[in-house]
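Hi,

Here is the structure I said I would pass on. Have a look at it first, and then read on for what turned up.

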Amino acid sequence: MRKRKDNGGAEVFRITGARQGLADDVRGRQRRYIISMSVRTVSVILTAVLWNVERHVAIVTLVLGVLLPYVAVVFANAGRENAPGLPSTFVPAPSRPMISPVPSADPTESVPEDRA
């Protein structure tokens with residue numbers, strides 16, 4: 001999020017490029033972790049159920065149950081990421097033509113005096 005100073009001195013923020021709020025980010029990471037651990041729990045239960053029935057499938061679910069905690073923790077602890085492809089947050093300043101000073105004929109006559 002970039003800011004610029006307007007002519008009046010007030011800061012102008014463009015929020016289209018703002019990142020997701022911290023509470024929403026933490027909630028999303030917790031949700032991903034819980035889903036990963038639920039898949040791991042199901043795979044461990046399937047390993048126990050299928051061990052004497054389908055040993056090959058049981059071994060695959062066992063490997064999945066062993067590897068998922070590591071993957072879940074890595075994804076849960078991943079830092080906040082920048083969202084790619086956001087629109088530019090630069091707000092261009094309006095261009096105004098410059099008014100050039102009026103040249104004076106005599107440099108000693110810079111300010112007229114009050115005549116009262």
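Let's start inside helix H1, where Asp 25, Gly 28, Arg 29, Ser 36, Met 37, Ser 43, Thr 47 and Leu 50 are buried. Before going further, please keep in mind that this is a predicted model.

What lies over those residues? Helix H2 is part of what covers the buried residues of H1. Seen from the other side, the buried residues of H2 pack against H1, which runs over residues 22-50. On H2, the buried ones are Ala 58, Thr 61, Gly 65, Leu 68, Ala 72 and Ala 76.

Ser 43 is a good place to zoom in if you want to see the two helices meet. This serine is in H1, and it counts as buried because its relative accessible area is 3%, under the 20% cut-off. Setting aside neighbours within four places in sequence, Ser 43 touches Thr 61, Leu 64 and Gly 65. Two of those names, Thr 61 and Gly 65, are also on the list of buried residues in H2.

Now for the helices themselves. H1 has 29 residues, so at 1.5 Å a residue it should span 42 Å, and its end C-alpha atoms are indeed 42 Å apart. H2 takes in residues 55-76, 22 residues in total. From its first C-alpha to its last, H2 reaches 31 Å, close to the 32 Å expected. Even so, H2 has a kink of about 35 degrees at Leu 67, and the proline Pro 69 follows shortly after.

Leu 67 turns up again on the outside. Together with Trp 51, Ile 59, Leu 62, Val 63 and Val 66, Leu 67 forms a nonpolar patch on the surface, with about 530 Å² of accessible area between them. Take Val 63 as one member: this valine lies in H2, and it is partly exposed because its relative accessible area of 42% falls between 20% and 50%.

Next, the charges. How many salt bridges does a search of the whole structure find? There are two. As background, side chains of opposite charge can pair when their charged atoms come close.

One salt bridge joins Asp 24 to Arg 27, with the closest N and O atoms 2.8 Å apart. The other partners are Asp 25 and Arg 29, whose closest N and O atoms are 2.9 Å apart. Asp 24 and Arg 27 sit three residues apart in H1, about one turn of the helix, while Asp 25 and Arg 29 are four residues apart in H1, again about one turn. An α-helix has 3.6 residues a turn, so residues three or four places apart point the same way.

Are these pairs buried or partly exposed? Asp 24 is partly exposed, at 37% relative accessible area, and so is Arg 27, at 43%. Asp 25 and Arg 29, by contrast, are both buried.

Finally, stepping back to the chain as a whole: it has two helices and two strands, and along the sequence they follow the pattern β-β-α-α. Of its 116 residues, 15% count as buried. The accessible surface comes to about 10,200 Å², and carbon and sulfur atoms make up 62% of that. Among contacts with a separation of 6 or more, 61% are between residues 24 or more positions apart.

If you only have a minute, go to Ser 43 and its contacts with Thr 61, Leu 64 and Gly 65.

Cheers

Definitions and conventions: Residues numbered from 1 in each chain as written. Predicted model: local features only at pLDDT ≥ 70, side-chain atom pairs only at ≥ 80, totals over all residues. Heavy atoms only, no water. Expected span 1.5 Å × (residues − 1). Bend = angle between axes of the 7 residues up to and from the residue. Buried < 20%, exposed > 50% of the residue type's maximum accessible area, 1.4 Å probe, protein only. Contact = heavy atoms within 4.5 Å. Patch = residues over 30% accessible without salt bridge, like charges linked within 9 Å, V, L, I, M, F, W, Y side chains within 5 Å. Areas by Shrake-Rupley, 256 points an atom, 1.4 Å probe, with all protein chains shown as cover. Salt bridge = Lys/Arg side-chain N within 4 Å of Asp/Glu carboxyl O.
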